Amino acid sequence: MTAPTRVLVLNSGSSSVKYQLLDMRDDRRLAQGLVERIGEETSRLVHTPLLAGDGGKRERTGPIADHAEALKLVSEELAADGLGLDSPELAAIGHRVVHGGLRFTAPTVIDDAVLAEIERLVPVAPLHNPANLVGIRTATALRPDLPQVAVFDTAFHTTMPEAAARYAIDVETADAHRIRRYGFHGTSHAYVSRETARLLGKAPEEVNVIVLHLGNGASASAVRGGRCVDTSMGLTPLEGLVMGTRSGDVDPAVTFHLMRVAGMSADEIDVLLNKRSGLVGLCGDNDMREIRRRIDEGDERAALAFDVYVHRLKKYIGAYYAVLGRVDAVAFTAGVGENAAPVREAAVAGLEELGLAVDAGLNAVRSDEARIVSPEYARVAVAVVPTDEELEIARQSYALVREGSSGAHEQDTEK
C-alpha cells in the first residue's frame, strides 16, 4: 500500500478556523477554506476545492456553535470533494500553535504532555494558545488514530543568543515568570529566509537575510546562515514594529503614567496598546491601501502614520544590519510587504551607503512570484517573497511523520 501523502493544516483562532489540505508529493493544494464567527448567529464557512475541474467556492451561513461543529462541517465539505478526513491518504494534521516557549524548538507530535505544556503557556499567549488547544482537541476527537503535529510560531526564534533574548531586568524575577523575548511569525520567517536564499541561488547556510513580515501584525528578524539571531517581537507580539493596531516599541513607563495620570486600569492599557494603537491609533485606519489613498488626497494624519511606520521599519533594518555585520538580502513579505510598493521604497530610501536601493520599475510590478526589486548594481538584494505559512506547516508536519520521530526536539530550559 502506498504511504499516505496528504496533510491537513489547521489554524484555529478564538472564533475562526482556517484550513488547507495539501498533497506533499508536489506541495499541491487540494482544498482550502475558512470558518469564521464561530459561536455567533452569523457564522460562515467558505470552502474552495482546488482540484482540476472543481466548480469554485461553496458557502454555508448560519449558526455554528463551536469548533467541534466547525470541524465537522469542514470534514463534510472535504468529503464532498472525495477528500474526507477518513481518507487513508491523510498522513497527519498539522496545527499552528502560537507559543511553544523555549521547550519546543521543532515540529512536535502531540501527546498529553505536549498538550499540558501548551496549556502551561496560556498566561503568555492568552489570545492564541487556548484557541490552538481547542483545534487540536477537536481534530484529535475526529481522528484519534492520526498523528497530530504542532508547529510553533516561536520555534524558529529559539536559536537567538541570550544577549538578544534576555531583557535587562532582575534575572530571578525573569526566570520565575518566564519573561524573555520569544518572537513570533517564526513559521513565516523560516519559510521566507529559506526562499530568499533560493532566489539568490544559494543555500540558506550561505546567506544573511533581514526578513520583514509586514501584515496587520508585523515583525522583523535577523537570520544568519538559516538561523534566527534576533527578532523584533518579544514576550508577546506587542513589541517591535508599528503594526495595524499595536503600538510596537513604547517606553514601559507609559503604562505607569497612564495608570497614575489617566486612571486607566491594566486591562484598559492592554486594549489601548494592542487594539487602539499603531496605524489605527495614529490615523484611524489600519489598511495601508486606504492610508496611501488618504495621503494622495493630502491627509496629514495619514501621512504622519505612514512616516512613523516607515521610521520604525528603517530603524530595525539598520539595527539588524549591525547585528548581522553582512547582509545579502532584505526580504519583504505578508500583506503589506508583498503589495505596498511605497512602503518598500520608503523603507530603504537613504540607505544607499549600506548597499540598499530599489528599482522603481521593478518595485512597481505586482506579482505572486518571489522576485528581486533592487537594481543590478545594488550590493544588497531587496526581495519580495510571498510567505506561505500553511505550506511550511505542512512540510514540517509531513517530514516529522515520515521520519517516524516522536518530536523529541526539546530543550529542558524551562522549569
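Here is a short back-and-forth between a student and a tutor about the predicted model above.

Student: Before we dig in, what kind of model is this, and what pLDDT do local features need?
Tutor: Residues are numbered from 1 along each chain as its sequence is written, and side-chain values use heavy atoms, with hydrogens and water left out. It's a predicted model in which totals for chains, interfaces and linings use all residues, side-chain atom pairs count only at pLDDT 80 or more, and local features need a pLDDT of at least 70.

Student: OK, sheets. What is the strand order in the open sheet of six strands?
Tutor: Strands here are DSSP runs of E with at least two residues, helices are runs of H or I with at least four, and both are numbered from the N terminus. Two strands pair if DSSP finds at least two bridges between them. The pairing in this open sheet is mixed, and the order is 11-10-9-12-14-13.

Student: Which are the edge strands?
Tutor: Look for strands that pair on one side only. That picks out strand 11 and strand 13 (371-372).

Student: In which sense do strand 9 and strand 12 pair, parallel or antiparallel?
Tutor: As a reminder, strands of a sheet pair through backbone hydrogen bonds, either parallel or antiparallel. Strand 9 covers residues 208-214 and strand 12 covers residues 329-333. I210 stands opposite V330 in strand 12. Over five bridges, the sense is parallel.

Student: And helix 11, at what angle does it run to strand 9?
Tutor: Helix 11 (residues 300-324) lies across strand 9, strand 10 (218-224), strand 11 and strand 12. Axes are lines fitted to C-alpha atoms, for helices over the stretch in contact, and angles run from 0 to 180 degrees between N-to-C directions. For helix 11 against strand 9, that gives about 160°.

Student: Which residues does S193 contact, leaving aside neighbours within four places in sequence?
Tutor: S193 sits in helix 6 (residues 186-199). Its relative accessible area is 7%, so it is buried (under 20%; exposed is over 50%, partly exposed in between, with a 1.4 Å probe and protein chains only). Contact means heavy atoms within 4.5 Å. On that basis, the partners are F156, V209, V211 and V223.

Student: Why is helix 13 described as largely enclosed by the rest of the structure?
Tutor: Helix 13 spans residues 341-348, and the buried ones are A341, V343, R344, A346, A347 and V348. Just after the helix, G350 takes a positive phi of about 85°. The helix counts as largely enclosed because the buried share is six of the eight residues.

Student: How many disulfides are there?
Tutor: A disulfide is a pair of cysteine sulfur atoms within 2.5 Å. C228 is buried at 0% relative accessibility, and C283 is buried at 5%. By the sulfur rule, the count is zero.

Student: How many salt bridges does a search of the whole structure find?
Tutor: The rule asks for a side-chain nitrogen of Lys or Arg within 4 Å of a carboxyl oxygen of Asp or Glu. R166 and E162 make one, with the closest N and O atoms 3.0 Å apart. R289 and D287 make another at 2.9 Å. The search total is 30.

Student: What N to O distance do you get for D328 and R326?
Tutor: D328 is buried, with a relative accessible area of 15%, while R326 is partly exposed at 42%. Their side chains meet in a salt bridge, N to O, at 2.6 Å.

Student: Which residue's side chain makes a polar contact with the side chain of D388?
Tutor: D388 is in the loop between strand 14 (381-384) and helix 15 (389-403), and it is buried at 12% relative accessible area. A polar contact is a pair of N or O atoms within 3.5 Å; within protein, one must be able to donate a hydrogen and the other to accept it, and residues adjacent in sequence count only if both atoms are side-chain atoms. The D388 side chain also reaches the backbone nitrogen of L391 at 3.0 Å. The side-chain partner, at 2.4 Å, is R29.

Student: Last one: how far apart in space are R246 and G215, C-alpha to C-alpha?
Tutor: R246 lies in the loop between strand 11 (227-231) and helix 7 (253-261). Among the residues R246 touches are G217, M233 and L273. R246 and G215 are 31 residues apart in sequence, and in space the separation is 12 Å.
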